[in-house]
Amino acid sequence: MAFNPFKEKGLPAEKQYTNWNTLNVKPYDKGAIDPYTRCRVILVNGAEFEANWFGHQWARHCDDPEAKRQIAMTRRLEQMQQKMVSALVPANESVLEHTIGYEQVAVDLTAWLARHEPDPLVKAGLDFALLEDFDHLYRYANLLEMRQGIKAETLVGKYTEIIPGRPTIAEHRHPFDDVRNHYDATKADIRTKLNSMTIVAAEQQTMNYYMNQANRLEDTVGRGLYSEIGMIEEQHVTHYESLLDPTLSWSMMHVMHEYNECYLYWSCMQTESDARIKKIWENHLEMEIGHLHGAVELMKRVEGKDPVSEFPNAFPEPLTFESNVDYVRNILAEQENLTANLADYVPVSSLPKDHRYFQVQQIINEGGTPSQQVITEHIEKMGKDYRWELAGAHPVERLRERQRAVA
């Protein structure tokens, strides 16, 4: 069904304030929640965080008091939305259990975006980082079983496999090799713009979560794993944000943020199985449409331009969480051996021996890495690593080994 947020009335900003009881919603039942409902909660939480911090950055570079007041109003309302979304996560869902949700988002969101991405440059970027997040899921799942006796398959369901991806130990690159070329916003399809903004928000949220949760684990290996993977998420945010066209004006970027939030809430509504949570998505869509109208009016005042003509008459097909087992396996078989050389993706074997990649690897990985240690410890305690294989043997032969940690 075609949907154009510019033609919807939405809820005006002045009617969006609410009380604490409304924001402090009942958490979901972690034992009964559909895995993809958990994923949607994580995704829109990240989108709200990204929009809020974009607003703060704009305000810090804006010398128009009236514009700053409008930005502050939108930020405050989106903070209220974020508080409601965050309140859906129950206190009895441990940091590690919730982390499995974060990595399921990273895998199935990235795979879906890659499958629907029309720009080869952006698709290549999604495929490249997909294999790294896929490996993170495997590492955390092994830690979860060892520390809490919980098999991650009970959290991801039969949607997402848990097997090694590009080994985390091999993901540590020089910062120069995480910066990509950006798409051209004057030529890019709306799908590319939405995909890029969405993945930046999701990866940034994951990075922030790991930055703040690394010290909550009680053991050295667990704390180290969050720190190590958290550094890769920093690389991923650099990787994805460099795909965005930086030549857009602040006010146009503001419109894009609000448009993307409308799209995400509208998408979540299409497939949400939890009636209570679906109602939240519906209400937040109405609010975001109000924010979008405000962003359009602000751009008209600040730049004298109406941005609506630069958007299509309707949203593209909704973003959905769905199983991507076959797609991930195909990318694994084709690209597991890649690293980056500046903006290019190349086989590790093609790099000269004095390349900065090997210099970084030697420094960072000296003495071992938590991502390898967690697998070694699991094998020592249980005889083999933990996996959740849904489609047979691993597509990469060397990664079929289950009684030692393969680098």
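This is a short talk on one protein chain, from its overall shape down to a single residue.

Hi everyone. Before anything else, keep in mind that what you see is a predicted model.

Let's begin with the whole chain. The chain has 13 helices and two strands. How does its radius of gyration sit against the globule rule? The radius is 21 Å, and the rule gives 22 Å for 407 residues; those values are close, so the chain is as compact as a globular protein of that length. If you draw a box around the C-alpha atoms along the principal axes, you get roughly 60 × 50 × 35 Å.

Now the inside and the outside. Of the 407 residues, 59% are buried. The accessible surface comes to about 17300 Å², and carbon and sulfur atoms own 51% of that. As for charges, we've got 43 positive and 61 negative ones, and their mean positions lie 3 Å apart.

Here's one on contacts. Take the contacts with a separation of 6 or more: what share comes from residues 24 or more positions apart? That share is 85%.

Okay, on to the strands. Strand 1 covers residues 338–341 and strand 2 covers residues 344–347; they run antiparallel, with four bridges joining them. Look for N341, and you'll find D344 of strand 2 standing opposite. The two strands form a hairpin with two residues between them, and L342 there takes a positive phi near 55°.

Just before that in the numbering comes helix 11, residues 325–335. Its buried residues include V325, Y327, V328 and R329, and also I331, L332 and Q335. What do they pack against? Their partners are helix 4 (95–115), helix 5 (120–148) and, back to our hairpin, strand 1.

Last stop: E78, which you'll find in helix 3, residues 65–87. Is E78 buried or exposed? The cut-off for buried is under 20% relative accessible area. E78 has 2% relative accessibility, so E78 counts as buried.

And who does E78 touch? Setting aside neighbours within four places in sequence, E78 is in contact with E48, A51, N52, E258, E261, E288 and H291. Have a look at F49 as well: F49 and E78 are 29 residues apart along the chain, and their C-alpha atoms are separated by 8.4 Å.

So, the things to look for on the screen are the hairpin of strand 1 and strand 2, helix 11 with its buried residues, and E78 in helix 3. Thanks for listening!

Conventions:
Residues numbered from 1 in each chain as written. Predicted model: local features only at pLDDT ≥ 70, side-chain atom pairs only at ≥ 80, totals over all residues. Heavy atoms only, no water. Rg over C-alpha atoms; globule rule 2.2 N^0.38 Å. Buried < 20%, exposed > 50% of the residue type's maximum accessible area, 1.4 Å probe, protein only. Contact = heavy atoms within 4.5 Å. Areas by Shrake-Rupley, 256 points an atom, 1.4 Å probe, with all protein chains shown as cover. Lys, Arg positive; Asp, Glu negative; His and termini not counted. Charge placed at Lys NZ, Arg CZ, Asp CG, Glu CD. Pairing = 2+ DSSP bridges.
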